[in-house]
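Q: I have just opened this one and have not looked at it before. Could you walk me through it?

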Amino acid sequence: MKAVLFDLDGVITDTAKYHFEAWRDIAKSLDIEIDETFNEKLKGISREESLDRILICANKVDSYTKEEKLRMCEEKNKTYIKLIGSLTSKDILPGISKLIKELRENNIKLGIASASKNAPKILESLGIKDEFDCIVNPSLLERGKPYPDIFIEGSKMLNLEQYDCIGIEDSYSGIKAINDANMTSIGVGKKEVLGKCDYIVEDTGLLSYNTLLQVWSKKVDLA
Ligand code: BG6
Ligand code: MG
């Protein structure tokens, strides 16, 4: 195990709830109702594709022009930015700061593989941006999660083989991306939602360097 690539929203900080809140407002203004179960399908998915998924579920995907959709995405981001306005280091999820410290003490590289264009800003607010050796820019990739590209790009930025990397995710699409990148997948959440992971924890407080190393070693031994 030479690197850990972290998803951001829902793994490092609980911003997933703010994405949901902001989308629920946009959907409401279009007479569409979305609930938490539907929201699982938006986790890990880019802003633009999330809007399409919301419109598709209401059979409205062809009802708006490109420009209108762009404005809706901008509007959603404005609400989201307001909601994350007061994030500080106190908003780092349990166990994550300790995990980052343990990984660094053991010379493990750290990367961010998030679909969010707001990732650098959020990491800055949390006060941990400098802990990461790379932050993949999702805007430069043609395909988002569930395609493996963002994780593969992370391993390239760190000059590492994919099998030497672990990915941590809280979404179905993210776990699929890690698995298809031939990395060890660690899920945060419930098995029914996340699908097949190499290891699952119900919350981030249960993650540790030793556990990750064990899961990675077992997977590589079996391969
Ligand atoms: C992912 C979230 O991390 O980032 C998605 O899980 C979100 O819900 C996506 O749509 C894009 O985020 P942003 O900040 O660029 O709108
Ligand atoms: Mg996430």
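**Domains, pockets and a ring pair**

A: Twelve residues of domain 1 touch twelve residues of domain 2, and please keep in mind as we go that this is a predicted model.

Q: Which residues belong to domain 1 and domain 2 of the chain?

A: Domain 1 takes in 3–13 together with 90–222, while domain 2 covers 16–84.

Q: And how many Å apart are the C-alpha centres of domain 1 and domain 2?

A: The C-alpha centres of domain 1 and domain 2 are 25 Å apart.

Q: OK, pockets next. What volume does the largest pocket have?

A: The largest pocket has a volume of about 530 Å³, and among its 31 lining residues the closest to the centre are Gly44, Ile45, Ser46, Arg47 and Ala115.

Q: Which elements give two or more residues to that lining?

A: Those elements are α1 (16–29), α3 (47–57) and α4 (66–83), and the largest share, four residues, comes from α3. Domain 1 and domain 2 each supply at least three residues to the lining of this largest pocket.

Q: How do the residues of that lining divide into nonpolar, polar and charged?

A: The lining of the largest pocket holds twelve charged, eleven polar and eight nonpolar residues.

Q: What about the second largest pocket, how much space lies in it?

A: The second largest pocket holds about 440 Å³ of space, and of the 21 residues that line it, Glu40, Lys43, Asp170, Val188 and Gly189 lie nearest its centre. The elements giving two or more residues to this second lining are α1, α2 (36–39) and α9 (191–194), and by class the lining has nine charged, seven nonpolar and five polar residues.

Q: Where does the second largest pocket lie relative to domain 1 and domain 2?

A: The second largest pocket lies between the two, because domain 1 and domain 2 both give residues to its lining.

Q: Changing topic: how many aromatic pairs does a search of the whole structure find?

A: The search of the whole structure finds one aromatic pair. That pair is formed by Phe6 and Phe132, which meet edge-to-face with 5.9 Å centre to centre and 85° between the planes.

Q: What does the pair tie together?

A: Phe6 is in strand β1 and Phe132 is in the loop between α6 (119–126) and β3, so the pair ties together parts that are 126 residues apart in sequence.

Q: Are Phe6 and Phe132 buried or exposed?

A: Phe6 counts as buried, with a relative accessibility of 0%, and Phe132 counts as buried as well, with a relative accessibility of 9%.

Q: Now helix α7, which of its residues are buried?

A: In helix α7 (residues 149–157), the buried residues are Asp149, Ile150, Phe151, Ile152, Gly154 and Ser155, and they pack against β1 (3–6), β3 (134–135), β4 (165–169) and α8 (172–180).

Q: Which peptide bond is cis?

A: The peptide bond from Lys145 to Pro146 is cis, with omega near 15°, and Pro146 is located in the loop between β3 and α7.

Q: What value does phi of Asn159 take, just after α7?

A: Asn159 has a positive phi of about 60°; it lies in the loop between α7 and β4, and with 71% relative accessibility Asn159 counts as exposed.

Q: And what is phi of Asn182 near?

A: Phi of Asn182 is near 60°, a positive value in a residue other than glycine. Asn182 sits in the loop between α8 and β5 (184–188), where Asn182 is exposed at a relative accessible area of 54%.

Technical notes:
Residues are numbered from 1 along each chain as its sequence is written. Chains are lettered from A and ligands numbered from 1 in the order in which they are written. This is a predicted model: local features need pLDDT of at least 70, side-chain atom pairs count only at pLDDT 80 or more; totals for chains, interfaces and linings use all residues. Side-chain values use heavy atoms; hydrogens and water are left out. On a 1 Å grid over the protein atoms alone, a cavity is a set of points where a 1.4 Å probe fits but cannot get out, and a pocket is an open set with protein on both sides within 12 Å along at least five of seven lines; lining residues have an atom within 4 Å of a point. Grid points are joined across faces, edges and corners, and a volume is the space filled by probe spheres set on the points. Ala, Val, Leu, Ile, Met, Phe, Trp, Tyr, Cys and Pro count as nonpolar, Asp, Glu, Lys and Arg as charged, and the others, Gly among them, as polar. Domain bounds come from an automatic or database domain assignment. Buried means under 20% relative accessible area, exposed over 50%, partly exposed in between (1.4 Å probe, protein chains only). Contact means heavy atoms within 4.5 Å. Rings of Phe, Tyr and Trp (its six-membered ring) pair if their centres lie within 6.5 Å; planes under 30 degrees apart count as stacked, over 60 as edge-to-face and the rest as tilted.
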